[in-house]
Amino acid sequence: MSCSLRPVGRAHRARLEQLTRATGRFREEEVATAVELLDASLAGDDDYRFVGAFDGETLAGYACWGPTPGTEGTHDLYWIVVDRDRQGAGIGTLLLREVEGRLKADGCRLVVVETSSRADYTPTRAFYEHRGYARAATIPGYYAPGDDLVIYTKDLTDGDLAGAAS
Ligand SMILES: CC(C)(COP(=O)(O)OP(=O)(O)OC[C@H]1O[C@@H](n2cnc3c(N)ncnc32)[C@H](O)[C@@H]1OP(=O)(O)O)[C@@H](O)C(=O)NCCC(=O)NCCS
């Protein structure tokens with residue numbers, strides 16, 4: 001599927017909400033958070049950046065990321081979501097590569113992604129693991145009993161995360 005990457009505008013707000021909900025992966029409060037972050041971004045808050053993948057004029061997926069407070073050059077990938085009917089067609093990979101490319105161009109060092117240990121997130125974890133993300137930490141029972149927080153990271157520095165040899 002050929003998609004083009006463009007900014008997510010106010011006109012795509014309802015579609016972003018709908019496609020996030022339609023994945024069936026997120027609680028209603030999480031869907032609301034995604035929309036709130038878009039609103040913040042559209043209002044000029046540079047802590048939240050969005051890029052959309054468009055199939056023609058239709059928003060097919062999006063990613064949202066931003067600088068991690070209190071760090072130098074670390075960024076959180078807060079959201080990456082692809083329309084349920086368009087998953088597995090390379091759109092998530094396109095979005096992830098775009099985010100990483102922009103971060104590298106800005107001199108960022110580390111990408112952090114938080115996800116869940118639940119069985120229904122197995123394809124999501126595989127998505128990250130096959131794209132260079134390493135499981136850096138797990139917090140047992142973080143989301144709910146038996147539902148751990150899994151933190152993945154990707155080094156954007158070609159192995160120089162610790163800084164130049166001193
Ligand atoms: C995870 C997600 C962003 C990946 O985007 P995508 O466009 O489906 O992925 P791509 O087609 O680029 O890549 C396919 C790869 O992702 C994995 N994958 C994850 N979810 C998948 C799905 N629902 N359908 C098909 N492949 C999926 C496949 O295992 C495949 O791995 P491989 O190529 O290494 O063998 C997307 O499936 C999605 O929105 N899932 C639901 C929401 C979610 O879990 N978001 C992440 C929150 S932490």
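Biologist: What share of the 166 residues of the chain counts as buried?

Modeller: In this predicted model, 40% of the 166 residues count as buried, where buried means under 20% relative accessible area with a 1.4 Å probe, protein chains only. Residues are numbered from 1 along each chain as its sequence is written. As the model is predicted, local features need pLDDT of at least 70 and side-chain atom pairs pLDDT 80 or more, totals for chains, interfaces and linings use all residues, and side-chain values use heavy atoms, without hydrogens and water.

Biologist: Why is Cys3 called buried?

Modeller: Cys3 has a relative accessible area of 18%, and buried means under 20%, so Cys3 is buried.

Biologist: And what makes Cys64 buried?

Modeller: Its relative accessible area is 0%, so Cys64 counts as buried too.

Biologist: How many disulfides does a search of the whole structure find?

Modeller: Zero; a disulfide is a pair of cysteine sulfur atoms within 2.5 Å. For Cys3, the nearest cysteine sulfur is that of Cys64, 19 Å away.

Biologist: Why is Cys64 too far for a bond with the closest cysteine sulfur?

Modeller: That sulfur, in Cys108, is 14 Å from the sulfur of Cys64, and the cut-off is 2.5 Å, so the two are too far apart for a bond.

Biologist: What makes the chain as compact as a globular protein of that length?

Modeller: The chain has four helices and seven strands, counted as DSSP runs (helices H or I, at least four residues; strands E, at least two). Its radius of gyration, taken over C-alpha atoms, is 16 Å, close to the 15 Å from the globule rule (2.2 Å times the number of residues to the power 0.38), so the chain is as compact as a globular protein of that length.

Definitions and conventions
Buried < 20%, exposed > 50% of the residue type's maximum accessible area, 1.4 Å probe, protein only.
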